[in-house]
Amino acid sequence: MQTQTLQLILSPRDAWSAEQKWRVVKRSVDARQRELRVHLTVLTDDKGDPIAKDAPIPLYNPPVFQDVHNAKRSVIIIGAGPAGLFAALTLLEHGIKPIIYERGKDVSERKKDIALLNRNEGLNPESNYCFGEGGAGTFSDGKLFSRSKKRGNMQRMMELFHYFGASDTVLYEAHAHIGSDKLPGIIKRMRECIIEHGGEIHFGCRVDSLRDFRFESSDLRFKTPVILAIGHSAHDTYRMLAEEGIALETKGFAMGVRIEHPQALINKLMYKGLTSNSSPKGKERNLTDFVGNASYSMVTQVDGRGVYSFCMCPDGHIVPAGSSADSCVVNGMSASHRNSPYANSGMVVQINPEDIPGDDPLRGLAFQETLERMAYEHGKAPNMAPCQRMKDFVEGKESNSLPNCSYLPGVVASRLDQWLPAHIGKRLQQGFKDFDRKYPGFLTNDAVILGVESRSSSAVRIPRDPETLQSVNTPGLYPCGEGAGYAGGITSSALDGINAALKIAL
Ligand SMILES: Cc1cc2nc3c(=O)[nH]c(=O)nc-3n(C[C@H](O)[C@H](O)[C@H](O)COP(=O)(O)OP(=O)(O)OC[C@H]3O[C@@H](n4cnc5c(N)ncnc54)[C@H](O)[C@@H]3O)c2cc1C
């Protein structure tokens with residue numbers, strides 16, 4: 001049967017009904033107009049009649065993995081985050097054996113360390129929100145979208161997530177979201193597939209030198225290609241790379257705080273009154289049932305630097321995302337059903353290399369570490385986060401009380417307005433005022449800010465040849481993913497891993 005598509009612009013309720021009956025191939029929510037609208041593309045038959053929901057998804061190509069137990073070619077992968085795992089799966093598709101070294105634990109063991117961390121019972125520096133199977137993406141929000149359409153085959157990446165258990169929506173939703181409760185299962189199935197087909201994954205194996213992968217320690221050649229997919233939190237590994245002469249350079253990054261509002265307030269501001277308390281009884285519940293709770297994306301310029309929201313998590317939780325015992329780092333996540341009463345996002349300020357004095361390519365790391373230690377000291381107890389009400393922060397006042405907040409290890413009132421470096425703090429204060437002008441009510445003491453959001457992007461680049469994707473001074477080494485400084489987020493890191501593997505395979 002020849003299929004076609006039909007584009008529809010519907011009310012949330014009608015869109016919801018259509019999704020229950022018909023095969024949707026694209027979906028996005030448009031909150032820019034007075035009335036909220038859902039844009040749906042549905043599959044139709046050659047007469048133009050919509051096709052039932054359970055019809056196969058067109059152009060869907062399930063992956064075919066080869067048995068690599070006795071493969072002639074193998075590739076070392078350092079790091080089992082999205083970049084490393086998707087590189088491994090791509091190698092399997094091409095009959096090459098992936099051998100992964102991961103410093104952290106497998107996802108089930110890692111869950112236990114994360115539970116301890118959330119109860120404020122200690123941080124394991126090798127097994128936490130950043131390190132372990134699945135990388136920083138495992139206990140994340142699992143938002144799967146990328147601003148750049150040029151990075152690679154997004155459809156392929158979504159198909160792989162779908163194959164390992166993500167719901168159909170990842171194949172058509174404009175802002176697809178997996179959820180922190182679903183991701184561990186998906187990651188585990190990826191590992192099982194890699195091992196079943198003859199690949200290897202070694203947990204608890206931190207790579208402290210690249211020398212073992214060379215013919216001789218004095219020889220610059222690698223025995224097999226090495227994909228370096230370490231993420232951007234492994235500061236010790238960056239320092240090892242510097243010592244071993246791998247080319248590194250500083251790059252711009254961003255730092256700031258995590259902000260948390262009541263979700264009901266964000267719904268009211270973003271859905272422009274459609275979900276306010278003044279709406280007819282029951283309307284708010286119905287509307288969010290159909291289109292989900294509201295998210296936002298904010299950006300402004302203050303004194304020549306961008307100030308913007310980052311990784312917004314509707315119905316989310318703020319989590320302790322540090323990887324060393326004397327630091328306090330916050331980030332956000334949410335479950336697939338998004339069921340917390342809070343909305344959080346990173347609020348960060350662009351930092352250019354020239355903002356940090358010196359010429360050490362790793363000086364951005366030192367700057368991040370300084371702020372993370374300050375946050376730790378102001379948090380006063382391990383992993384309790386320094387916190388201030390939003391309006392108090394902007395007006396330079398102490399918060400005498402703090403509202404409830406989703407951050408499980410606990411918060412401590414602190415004058416972030418006083419101790420954040422002025423080039424970050426002052427810009428955030430102005431940025432919040434700008435956002436309030438656009439969405440009056442956004443700047444409120446019902447919201448809190450927690451410090452510090454320091455791991456939103458890599459402060460280091462491992463430069464590589466744009467054609468071969470190999471390190472500019474170390475052939476055979478393929479830096480990729482967020483830690484290489486060429487990607488940010490799950491989607492682009494996974495795509496970067498796929499691209500590195502394809503360079504080796506083809
Ligand atoms: C709480 C949280 C929420 C997030 N939410 C989202 C989201 O919703 N959407 C999104 O797109 N992004 C999100 N992110 C960011 C996203 O997780 C990262 O951009 C992505 O995981 C980067 O992928 P990667 O594979 O390059 O690196 P990582 O995921 O960081 O993986 C690197 C891996 O390498 C390992 N490693 C490091 N050094 C060594 C070594 N020397 N030897 C062996 N192993 C090593 C680490 O243990 C780690 O497992 C979130 C991050 C966090 C922390």
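Reader: By class, which residues make up the shell around the ligand?
Author: The shell has 16 nonpolar, 14 polar and six charged residues. Ala, Val, Leu, Ile, Met, Phe, Trp, Tyr, Cys and Pro count as nonpolar, Asp, Glu, Lys and Arg as charged, and the others, Gly among them, as polar. The model is predicted: local features need pLDDT of at least 70 and side-chain atom pairs pLDDT 80 or more, while totals for chains, interfaces and linings use all residues. Residues are numbered from 1 along each chain as its sequence is written, and side-chain values use heavy atoms, without hydrogens and water.

Reader: Which of the 36 residues around the ligand come nearest?
Author: They are Ala-83, Glu-102, Ala-136, Glu-482 and Ile-490; a residue is near if one of its heavy atoms lies within 4 Å.

Reader: What makes the approach of Ala-83 to the ligand a polar contact?
Author: A backbone N or O atom of Ala-83 lies 2.9 Å from an oxygen atom of the ligand, and a polar contact is a pair of N or O atoms within 3.5 Å, so the pair qualifies. A polar backbone atom of Arg-103 is 3.1 Å from a nitrogen atom of the ligand, and one of Gly-489 is 2.9 Å from an oxygen atom of the ligand. The protein buries 95% of the 1000 Å² that the ligand exposes when taken alone (Shrake-Rupley method, 1.4 Å probe).

Reader: Which elements give two or more residues to the shell around the ligand?
Author: They are α2, β15 (330–333) and α13 (490–505), where helices (H or I, at least four residues) and strands (E, at least two) are DSSP runs numbered from the N terminus.

Reader: Why is the crossing of α2 and α5 called left-handed?
Author: The axes of α2 (residues 82–93) and α5 (residues 183–196) come within 10 Å and cross at roughly 35° (lines fitted to C-alpha atoms over the stretch in contact, angles from 0 to 180 degrees between N-to-C directions). α2 passes α5 in a left-handed crossing, so the near helix is turned anticlockwise from the far one by less than a right angle.

Methods:
A polar contact is a pair of N or O atoms within 3.5 Å; within protein, one must be able to donate a hydrogen and the other to accept it, and residues adjacent in sequence count only if both atoms are side-chain atoms.
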